[in-house]
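This report is meant for someone meeting the structure for the first time. It begins with empty space and then turns to rings, single residues and the backbone.

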Amino acid sequence: MKKKLLFCLVALLAFTITPTSIAAAQSDLSTPAKDVTIKVMTYNIHTGIGTDGNYDLDRIAETIQESDAEVVALQEVDVHWAWRSNFDNQLAYLAEKLDMHAFFAPIYDQDPLNVGEPRRQFGVAVLSKHPILEAENREITRLSTQDSNPDPALAPGFADVRINAKGAKFSFYVTHLDYRADPLVREMQVEDMLNIMPETESVILAGDMNAAPDAPELQPLFQRLQDVWTGEGGWTYPAVSPQKRIDYILASSNLTVSNTEVIQTNVSDHLPVISKITLPRGR
């Protein structure tokens, strides 16, 4: 009886595990996983102060929420920084209100006005609906606005974040480049960023570059990364009557970009840019 049962089991295995079924399994394993499309935004929030001069962080949150952005690059973020923003922790407020993960990369980090209060910080930040796996505040060259006689020097405020969007992992960078007419510091900042960002991975760089698309100092960035905005227009500053395009989302060549637009709003002095970006996902 036992021999008969063993014979039946062997016969069943021989019937079910065929060359055809093995080939199908191997084919399934080699089939690429479905790509992931996310909405990415960059937004200089001007510390929550709109074109009407009023401070209202809820308006910033509403703009982000209505856009359905999943990953957001923020610039000019106050964390207990000054009276202009009621010494609020702006990033914590936005993250809680929008139910998003967050990372803050302060450019400036100063002592509080009164002993026992939180440190005063100002910089760039990331909000993400998707998990943040790693994050680091990297240094690029800056000309400090807090020193009376500054010299160009390495300083923090370049957010370097690794995000997992439904299995598609990518590097997300947020920057805010020097605003002065002389492009020297921006040239050094671009070189610093290119030295930090990997050349062979999925990369998105977003932020306020304070320079037009034809600015010579930005061209090395465009040689490595694609500008999500194509064609004319795309003005983002000043929000009341936009005349310049200085806010960008750039993506590595292995990513697919679509539906890029500038959102019209008066809740900051900049207009936000949003784009759909498709990321490859490995098994």
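## The largest pocket

In this predicted model, the largest pocket holds about 610 Å³ of space. It is lined by 33 residues, and those closest to its centre are E76, H176, L177, Y179 and N210. Strand β3, which covers residues 101-110, and helix α5, which covers residues 184-196, each supply at least two residues of this lining. Sorted by class, the lining of the largest pocket is made up of 14 nonpolar, ten polar and nine charged residues.

## The enclosed cavity

How many cavities of 30 Å³ or more does the structure hold? There is one cavity of that size, and the volume of the largest cavity is about 40 Å³. Empty space of this kind is found by rolling a probe the size of a water molecule over the atoms.

The residues that line the largest cavity are D227, V228, W229, G234, T236, R245, D247, Y248, I249 and V273. Strand β10, residues 247-251, provides the largest share of that lining, with three residues. By class, the cavity lining has five nonpolar, two polar and three charged residues.

## Aromatic pairs

Seven aromatic pairs occur in the structure. In one of them, the ring centres of W81 and Y108 lie 6.3 Å apart with their planes at 25°, and since planes under 30 degrees apart count as stacked, the pair is stacked. W81 belongs to the loop between β2 (71-79) and α4 (90-98), whereas Y108 belongs to strand β3, so the pair ties together parts that are 27 residues apart in sequence. Both partners are buried: W81 has a relative accessible area of 7%, and Y108 has a relative accessibility of 14%.

The rings of F158 and Y173 give a further stacked pair, with centres 5.4 Å apart and planes at 20°. This pair links distant parts of the chain, because F158 lies in strand β6 (residues 153-165) and Y173 in strand β7 (residues 168-176), 15 residues apart. F158 is buried at 0% relative accessibility, and Y173 is buried at 3%.

W81 also takes part in an aromatic cluster, which is formed by W81, Y108 and F122. In addition, the charged end of R120 sits over the ring of W81, at 4.7 Å from the centre of that ring.

## The chain as a whole

The secondary structure of the protein chain consists of six helices and twelve strands. The chain has 283 residues, of which 48% count as buried. Among contacts between residues at least 6 apart in sequence, 70% join residues that are at least 24 apart.

## Two residues in their surroundings

Is T175 buried or exposed? T175, which lies in strand β7, is buried, with a relative accessible area of 0%. When residues up to four places away in sequence are not counted, T175 touches Q75, V124, I140, F158, M193, L205, A206, G207, D208 and M209. One of these contacts, F158, is the residue whose ring is stacked with that of Y173.

P242 offers another setting, in the loop between β9 (226-227) and β10. Its relative accessible area is 25%, so P242 is partly exposed. Apart from neighbours within four places in sequence, P242 is in contact with W235, T236, Y237 and L271, and T236 is also one of the residues that line the largest cavity. The C-alpha atoms of P242 and D269 are separated by 9.5 Å, and these two residues are 27 residues apart along the chain.

## Backbone features

Most residues other than glycine have a negative phi, and most peptide bonds are trans. Against that background, the peptide bond from Y237 to P238 is cis, with omega near -10°. P238 has its place in the loop between β9 and β10, and P242 is found in the loop between β9 and β10 as well.

Positive phi values occur at H46 and F87, neither of which is a glycine: phi of H46 is near 55°, and phi of F87 is likewise near 55°. H46 is found in the loop between β1 (36-44) and α3 (57-67), where H46 counts as partly exposed at 24% relative accessibility. F87 is found in the loop between β2 and α4, and W81 lies in the loop between β2 and α4 too.

Conventions. Residues numbered from 1 in each chain as written. Predicted model: local features only at pLDDT ≥ 70, side-chain atom pairs only at ≥ 80, totals over all residues. Heavy atoms only, no water. 1 Å grid on protein atoms, 1.4 Å probe; cavity = no way out; pocket = protein on both sides within 12 Å on 5 of 7 lines; lining within 4 Å. Points joined across faces, edges and corners; volume = space filled by probe spheres on them. Helix = DSSP H or I, 4+ residues; strand = E, 2+ residues; numbered from the N terminus. Nonpolar A, V, L, I, M, F, W, Y, C, P; charged D, E, K, R; others polar. Phe/Tyr/Trp six-rings, centres within 6.5 Å; stacked < 30°, edge-to-face > 60°. Buried < 20%, exposed > 50% of the residue type's maximum accessible area, 1.4 Å probe, protein only. Lys NZ or Arg CZ within 6 Å of the ring centre and 35° of its normal. Contact = heavy atoms within 4.5 Å.
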